[in-house]
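User: Could you take a close look at one part of this protein with me? I would like a connected account, starting from a single charged pairing and moving out to what surrounds it.

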Amino acid sequence: MRKDDSHVFKKTAIRTALILSLVILASLFNGCSSAPKETAKTTTKQEVTVKVGAAVVPHAEILNFIKPKLKQEGINLEVIVLDDEA
């Protein structure tokens with residue numbers, strides 16, 4: 001490597017490090033913004049119905065247990081019991 005080449009390499013390395021630092025800082029500040037994109041006042045709750053197939057024990061029992069909590073969250077859970085003992 002010639003003497004002139006090492007000078008160019010140092011300049012390129014410094015320039016690359018500076019650009020990388022600026023990109024990292026911009027990402028950091030963008031990710032830490034304090035303004036939410038949507039406020040709770042503007043969002044509307046929409047009810048959703050979810051159908052789930054489950055075996056009687058224990059899956060259907062567990063799903064039926066959490067049904068009231070999901071209803072409070074706006075999720076209507078419909079449990080379809082699957083019986084493969086035919």
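How many salt bridges does the structure hold? Please take me through the residues involved, and then through the helix that takes part.

Analyst: Happy to. This is a predicted model, and the structure holds one salt bridge. Glu47 pairs with Lys71, and their closest N and O atoms are 3.9 Å apart. The two partners come from distant parts of the chain, 24 residues apart: Glu47 sits in the loop between α1 and β1 (48–54), while Lys71 belongs to helix α2. As general background, side chains of opposite charge can pair when their charged atoms come close. Glu47 counts as exposed because its relative accessibility is 53%, over the 50% cut-off. Lys71, with a relative accessible area of 45%, is partly exposed.

Let us place this pair in the whole protein. The protein has two helices and two strands, and along the sequence they follow the pattern α-β-α-β. Of contacts between residues at least 6 apart in sequence, 72% join residues at least 24 apart. Buried residues account for 7% of the 86 residues. The exposed surface comes to about 8,000 Å², with 62% of it supplied by carbon and sulfur atoms.

Now to helix α2, the home of Lys71. The helix spans residues 56–72 and includes Val57. Pro58 is found in helix α2 too, and the peptide bond that joins Val57 and Pro58 is cis, with omega at about -5 degrees. That is worth a second look, since most peptide bonds are trans. Val57 is exposed, because its relative accessible area is 56%. Together with Val56 and Val81, Val57 makes a nonpolar surface patch of about 250 Å².

Further along the helix we come to the buried side of the story. The largest nonpolar core has five residues in all: Ala54, Ala60, Leu63, Leu77 and Val79. Both α2 and β2 supply at least two residues each to this core. A good residue to centre your view on is Leu63: setting aside neighbours within four places in sequence, Leu63 is in contact with Val52, Ala54, Leu77 and Val79. In general, nonpolar side chains in soluble globular proteins tend to be buried together.

Ile66, also in helix α2, is partly exposed because its relative accessible area is 32%, between the 20% and 50% cut-offs. Ile66 and the core residue Leu77 are eleven residues apart along the chain, and their C-alpha atoms are separated by 8.9 Å.

Finally, a word on confidence. The average pLDDT for the protein is 77, and 73% of the residues score at least 70. Among the elements, strand β2 (residues 75–81) has the highest mean pLDDT, 90, and helix α1 (residues 3–31) the lowest, 75. Where pLDDT is low, the predicted coordinates should not be read in detail.

Conventions
Residues are numbered from 1 along each chain as its sequence is written. This is a predicted model: local features need pLDDT of at least 70, side-chain atom pairs count only at pLDDT 80 or more; totals for chains, interfaces and linings use all residues. Side-chain values use heavy atoms; hydrogens and water are left out. Helices (H or I, at least four residues) and strands (E, at least two) are DSSP runs, numbered from the N terminus. Buried means under 20% relative accessible area, exposed over 50%, partly exposed in between (1.4 Å probe, protein chains only). Contact means heavy atoms within 4.5 Å. Accessible areas come from the Shrake-Rupley method with a 1.4 Å probe; for residues, only the protein chains shown count as cover. Patches are made of residues with over 30% relative accessible area and no salt bridge: like charges are joined within 9 Å, nonpolar side chains (Val, Leu, Ile, Met, Phe, Trp, Tyr) within 5 Å. A salt bridge is a side-chain nitrogen of Lys or Arg within 4 Å of a carboxyl oxygen of Asp or Glu. pLDDT is the predictor's confidence in each residue, from 0 to 100. A nonpolar core is a set of buried Ala, Val, Leu, Ile, Met, Phe, Trp, Tyr and Cys residues joined through side-chain atoms within 4.5 Å.
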